[in-house]
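User: I'd like to learn how to read strands and sheets in a model like this one. Can you walk me through it?

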Amino acid sequence: MAEIIHSRKSLATNPLKSSAPLGAALAYLGVAGSVPMLHGSQGCTSFALVLTVRHTREAIPMQTTAIDEVATVMGGAENLEEALLNLTRRMKPRFIGVATTALVETRGEDIAGDLKLILARNPELQKVKIVLAKTPDFAGALEDGWSKAVTAIIDEIVEPRGPVAPLYQQINILPGVHQTAGDIEWMVETAESFGLIPVVLPNVAGSLDGTVPDHYVATTLGGTTVEAISRMGCALHTVAIGEHMRAPAALMASRTGVPSTVLPTLTGLGPSDAFVALLARVSERAAPARLRRQRSQLVDAMLDGHFHFGRKRIAIGADPDLLTSLAAFFASMGADIVTAVASTSNSPLLTDVPTARVVVGDLMDFEDSAAAAEADLLVTHSHGRQASERLGIPLLRIGFPVFDRLGTMHRCTAGYQGTRNLIFEVANISLSGLHEHAPEDYAHASPIIEETRHAGATSATC
Amino acid sequence: MSEALKAKIAEVFNEPGCDKNQAKDPKERKKGCSKPLTPGAAAGGCAFDGAKIALQPLTDVVHLVHGPLACEGNGWDNRHASSSDSKLYRTGFTTDLSELDIVMGNGEKRLYRAIKEAIARHNPPAIFVYATCVPALIGDDIEAVCSHATEKFGTPCIPINAPGFVGAKNLGNKLAGEALIDHVIGTIEPETISNTDINILGEYNLSGELWQVLPLLDHLGVRVHACVTGNAKYTEVASCHRVSVNMMVCSTALINVARKMQERFGIPYFEGSFYGISDTSDSLRMIAQMLVDRGADTSLTDRTEILIASEEARAWQRIEPYRAALKGKRVLLYTGGVKSWSIVSALQEIGMEIVSTSVRKSTDGDKDKIKALMGGDAHMVDSIPPREMYASLMRGDADIMLSGGRSQFVALKAKTPWLDINQERHNAYAGYDGMVELVAELHKAIVNPVWQEVRRPAPWEQSDRDTERTALLEAAC
C-alpha cells in the first residue's frame with residue numbers, strides 16, 4: 001500500500017494540474033449545442049480556451065462573464081445575467097454550462113441564487129438549458145471540475161424515472177475526463193455490439209472528434225443532446241469510468257433508480273474484461289466474435305510486449321485516477337513504478353498504486369524523483385517535455401494537455417484495442433532507445449583497465 | 001484594488017507618447033485604451049496575461065505567479081520566445097493558493113516562503129512576482145512582500161501589479177512596462193557603453209526573430225544593449241539606461257517605457273518595425289541617423305545604405321522564384337491590425353492582392369498608410385464575426401488567410417489555406433530573411449495539393465449529385 005506524501009512547499013514549480021473550471025468546461029463541451037462559460041475574469045477563459053484549442057486542435061466555443069474591477073467589488077450577478085443574455089442572442093446555444101472560478105468564489109456570492117433570479121426574470125432564457133457548477137480554481141483539478149460539471153448536468157436535466165420499466169436496451173456511460181474521443185468510440189461500439197443503445201455523458205466523441213462540418217456552427221456540434229440526457233433514467237444500467245465519476249454515478253442512481261457500476265479504468269486486460277463482462281450481464285448476451293478476437297490480439301500483444309516492460313523503471317505524473325490507471329497497467333506488464341506524482345489527493349484509490357510512495361505535487365517533484373530513481377520512461381502530459389530534455393529520458397505523452405503531438409483526441413487506450421496500442425507505443429519507445437552494447441555498459445561488473453583492454457573494444461563508445 | 005494600482009492605471013491611460021491617446025478628449029481618455037468588455041461576447045486575455053507576455057521572455061529570472069492554480073497552471077510555457085542561454089523563464093512558478101490559504105489569509109506568508117524557496121533552489125538574479133485577481137481581491141500587498149524579501153534575501157523581487165480584472169492584455173503590457181521603469185531599469189550601471197548602443201523595446205524574440213535582425217546591426221557596428229524583453233538577461237535590462245537610442249517595436253505596447261526613459265535618461269526613441277523589406281530598411285536608416293545625431297561616426301549613414309541596398313537586392317532575388325505562383329493570389333489579412341500595412345506593402349510588392357485587412361488596433365496614421373497602399377478604405381475592417389468569415393472563405397473570396405490561432409479553424413474548416421502570423425507561430429518573419437521566409441511559407445501553403453484533395457467530393461456526394469442531375473434531366477424532358 002502506497003504512502004501518500006503531501007508536499008509541504010509553498011512554491012509549486014511546473015504545475016502538473018490543470019484547473020477545475022477547465023475540467024468543467026471540457027465536460028460541457030460534450031453536450032450538443034453547448035457553450036461553456038467561465039464565471040470569472042476574461043483571462044480565466046482565455047487561458048483555458050487556448051489550452052483546450054492546443055490540445056484538441058478544434059475551434060472551441062467558450063465564453064466569459066468578463067468580471068472587471070467594478071464587478072469584483074460589487075458582485076458578479078449583473079455580469080452573469082448580461083453574459084447569459086448576450087450569449088443566447090448571439091450564439092443561440094441549446095445549452096450553457098457555467099463554471100465558477102476562484103475570483104467569484106472568493107467573494108463568496110450566492111451564485112446559484114443569483115442564477116435562479118436571473119432565469120425567473122428573463123423568459124428568453126427558458127429556451128436554453130443552463131447548468132451551474134461551482135469549481136473554484138483553488139480546490140481540486142481537472143478531474144474534480146469534470147465530475148462536478150457532470151453532476152450538475154445530471155442534477156439539472158435528468159428526469160426521475162416513472163413507474164414504467166425501461167423500454168430500450170439503453171445503457172448510460174459516464175466517461176472520465178481522460179477518456180478521449182477514441183476511448184469513447186470503443187466503449188460505444190462495444191456496447192452496441194451487445195445490442196445496447198449507449199447514451200454517453202459527456203460525449204466529446206461527438207463534439208471534439210475532428211470533423212469538418214459543411215456549415216458554420218458557433219456552439220458545439222455533436223455531443224449528447226439535452227433530450228437524450230433528460231431520458232437517461234430509461235436505461236438498464238449506468239457505467240462510470242474512474243473514481244472521480246462516482247459522485248455523478250451515485251446521483252444518477254438515486255435520481256432514477258438505474259443501478260450503476262464504477263470501473264476505475266478501461267486500460268489493461270482485467271479492466272477491459274470487467275467492462276465486457278458488465279455489458280454481457282446487462283444485455284444478457286454473449287460476447288460477439290469480434291470482441292473475442294480483439295481480446296486474443298491483446299493477449300498476443302502482451303506476450304510480444306512484456307519483454308519491454310520487465311525491469312523498466314517508470315515515472316508517472318498525472319491526475320489521481322489517470323495515475324492509478326496507468327500505474328496498474330505498467331505494473332501488470334512487469335514494470336516498476338519508481339515515481340508516482342498525483343496532481344491532487346482526491347481519490348481513495350491512490351493508496352492502491354503499486355509503489356512505495358505517491359507524492360501529491362508538481363512536475364518538479366516528478367522530475368527530481370525520476371532523476372533520483374534513474375527512471376527509464378517518463379509518463380505525463382506535454383509539460384513533461386522539459387524534464388525529458390533535461391534528464392535525457394523519453395516521454396510518453398498522456399493526459400491533459402497534450403499540445404505538441406497530433407491526434408490526441410483519437411488516441412485510444414481503452415479496451416482490448418486501446419491497451420494493445422499502448423503496449424506497442426511503450427515497447428516502440430523502448431525499442432527505439434536500444435543501443436549497441438559496449439564493454440562500458442558492463443563496467444560496473446569489472447572495471448575496464450586500459451592496459452589490459454581488449455583490442456576489439458577500443459572504438460566502442462556510447 | 002489598492003489606491004496605488006488605481007493611480008498607476010490612470011497614469012497609463014494618459015500616455016503623452018501615444019498619438020491615439022492624445023487625440024481623445026479628457027473624458028474619453030479616462031475610460032482607458034481598451035474597450036469595455038461585453039460579458040458573454042468577449043475575447044482575449046486579461047491584464048495579467050498581457051504583463052506575462054511582455055516580461056516572460058526575460059530568460060534568467062524566476063517568474064513567480066501569486067494566485068490560485070489556473071493563472072499559471074493553464075498557461076505556462078505556452079509561447080515560443082527563444083533564449084540563447086538560460087531556460088529558467090520556461091519554468092512555471094506559482095504559489096498555487098489553496099482554499100485554506102485564502103480563508104486563513106495566508107497569501108502573503110505563502111508568497112514570501114515561495115520566494116525564499118525559489119531563491120534557494122535557483123539563485124536567480126531577480127524574481128518577478130505577478131499579482132492575480134484573488135490576492136488583489138483579498139488585499140495581499142505584493143509590493144510590501146517584495147520589498148521585504150528583497151531586503152531579507154538580497155535578490156531583487158519585482159512586483160508586477162496587473163491582476164486580470166483591471167483590464168485587457170494591452171493594459172497588462174503597459175503595467176509590466178511600469179514595473180520595469182519603477183523597479184528595474186537604471187538600477188545597475190552598465191560595464192561598457194559606446195555611442196552606438198541601442199535598446200529594442202517590445203520585441204519578444206518569438207521563434208528567434210531577434211536573431212534575424214541582430215546580424216544586420218552587428219554588420220553596422222550597432223550593439224543592442226538590451227532587447228526588452230526578448231532573450232534578455234536581467235542585468236541587461238537593469239542597465240539599459242545608458243544607450244543612445246531606443247527603438248520601439250510592437251507598436252505601443254511599451255510606449256510608456258520609451259517615453260519615461262526619454263524623460264528620465266534623455267534617450268530619444270522612435271517607432272519602427274522589422275516586418276517587411278521596406279520597413280526593415282527604414283528602421284535601419286532611422287537607427288543610423290539617430291545614432292549619428294547622437295554623436296556616432298557619420299560614416300554609419302553610408303554604411304547603412306550600402307547594407308540596405310545589398311540586403312534588399314538579395315531578398316528580392318530570393319523571393320523571385322515564388323513570384324509567379326503568388327502573383328494575383330488574394331489574401332485575407334486578419335491580425336490585431338498592428339502595423340498590418342507593413343505586411344500589406346510587402347505582399348503587394350510580390351503581386352498579391354489584399355482582399356481585406358483588419359485595422360482593429362491600428363492608429364489613424366496606420367489607417368492612412370493602408371488607404372494609400374490599397375486605394376481607399378473599402379477593404380479595411382474592424383473585426384469579422386467568425387460566421388461571416390467562414391461564409392466569405394467558403395465563397396472563395398480569398399486564396400489564403402493570414403491570422404492568429406484564434407481564427408485558424410475557421411479557415412481550415414472552410415478548407416482554405418491558412419498561415420499563422422501571430423505570436424504563437426513557429427516561424428520567424430523578421431528582417432529581410434524573415435520576409436523571404438514568409439513568402440516561402442505563403443507559397444508552401446497555397447501550392448499544397450492537399451487543398452484539391454480535401455475538397456474532393458465523397459463517393460456518396462458524387463452519386464447524390466449524379467442522381468440529382470438525372471432527376472433534373474428527367475424533369476426537363
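Analyst: Sure, let's begin with a definition: two strands count as a pair if DSSP finds at least two bridges between them. Keep in mind that this is a predicted model. As a case, S9(A) and strand S10 (residues 260-263) of chain A run parallel and are joined by 4 bridges. One such match is Val239(A), whose bridge partner in S10(A) is Thr261(A).

User: What holds paired strands together in general, and which helix goes with S9(A) and S10(A) in a β-α-β unit?

Analyst: Strands in a sheet pair through backbone hydrogen bonds, in either a parallel or an antiparallel sense. Here, helix H11 (residues 246-256) of chain A joins S9(A) and S10(A) in a β-α-β unit, and that unit is right-handed.

User: Now for S7(A): with which strands does it pair?

Analyst: Take them in turn. With strand S8 (residues 197-200) of chain A, S7(A) pairs in the parallel sense over 4 bridges. With strand S9 (residues 237-241) of chain A, the pairing of S7(A) is again parallel, over 4 bridges. Asn172(A) is a handy residue to click on: its bridge partner in S8(A) is Val199(A), and its bridge partner in S9(A) is Thr238(A). There's a right-handed β-α-β unit here too, made by S7(A), helix H8 (residues 181-193) of chain A and S8(A).

User: How do I read which way the side chains of S7(A) point, and are they buried or exposed?

Analyst: The general idea is that side chains in a regular strand alternate between the two faces of the sheet. In S7(A), Gln170(A), Asn172(A) and Leu174(A) point one way, while Ile171(A) and Ile173(A) point the other way, and all are buried. Strand S7 (residues 170-174) of chain A is largely enclosed by the rest of the structure, because 5 of its 5 residues are buried.

User: What about the Thr238(A) you mentioned: is it buried or exposed?

Analyst: The cut-off for buried is under 20% relative accessible area. Thr238(A) has 0% relative accessibility, so it counts as buried. This residue lies in strand S9 of chain A. Leaving out residues up to four places away in sequence, Thr238(A) touches Asn172(A), Leu174(A), Met252(A), Val258(A), Pro259(A), Ser260(A) and Thr261(A).

User: And for contrast, is Val70(A) buried or exposed?

Analyst: Exposed means over 50% relative accessible area. Val70(A) is at 54%, so it is exposed. You'll find Val70(A) in helix H3 (residues 69-74) of chain A. Together with Val73(A) and Met74(A), Val70(A) makes a nonpolar surface patch of about 330 Å².

User: How do I read strand order, say in the open sheet of 4 strands?

Analyst: Step across the sheet from one strand to its neighbour. In chain A that gives S4-S3-S5-S6, with parallel pairing. Strand S4 (63-64) and strand S6 (129-133) of chain A are the edge strands, each pairing on one side only. Strand S3 (residues 34-39) of chain A runs parallel to S4(A), with 2 bridges joining them. Leu38(A) is the residue that stands opposite Thr64(A) in S4(A).

User: Last one: how many helices and strands does chain B have, and what share of its residues is buried?

Analyst: Chain B has 22 helices and 13 strands. Of its 477 residues, 56% are buried. The accessible surface of chain B is about 19,800 Å², and 52% of that belongs to carbon and sulfur atoms. Among contacts in chain B with a separation of 6 or more, 70% come from residues 24 or more positions apart.

Conventions
Residues are numbered from 1 along each chain as its sequence is written. Chains are lettered from A and ligands numbered from 1 in the order in which they are written. This is a predicted model: local features need pLDDT of at least 70, side-chain atom pairs count only at pLDDT 80 or more; totals for chains, interfaces and linings use all residues. Side-chain values use heavy atoms; hydrogens and water are left out. Patches are made of residues with over 30% relative accessible area and no salt bridge: like charges are joined within 9 Å, nonpolar side chains (Val, Leu, Ile, Met, Phe, Trp, Tyr) within 5 Å. Accessible areas come from the Shrake-Rupley method with a 1.4 Å probe; for residues, only the protein chains shown count as cover. A salt bridge is a side-chain nitrogen of Lys or Arg within 4 Å of a carboxyl oxygen of Asp or Glu. Buried means under 20% relative accessible area, exposed over 50%, partly exposed in between (1.4 Å probe, protein chains only). A crossover is right-handed if, with the strands pointing away from the viewer, the path from the first strand over the helix to the second runs clockwise. Contact means heavy atoms within 4.5 Å.
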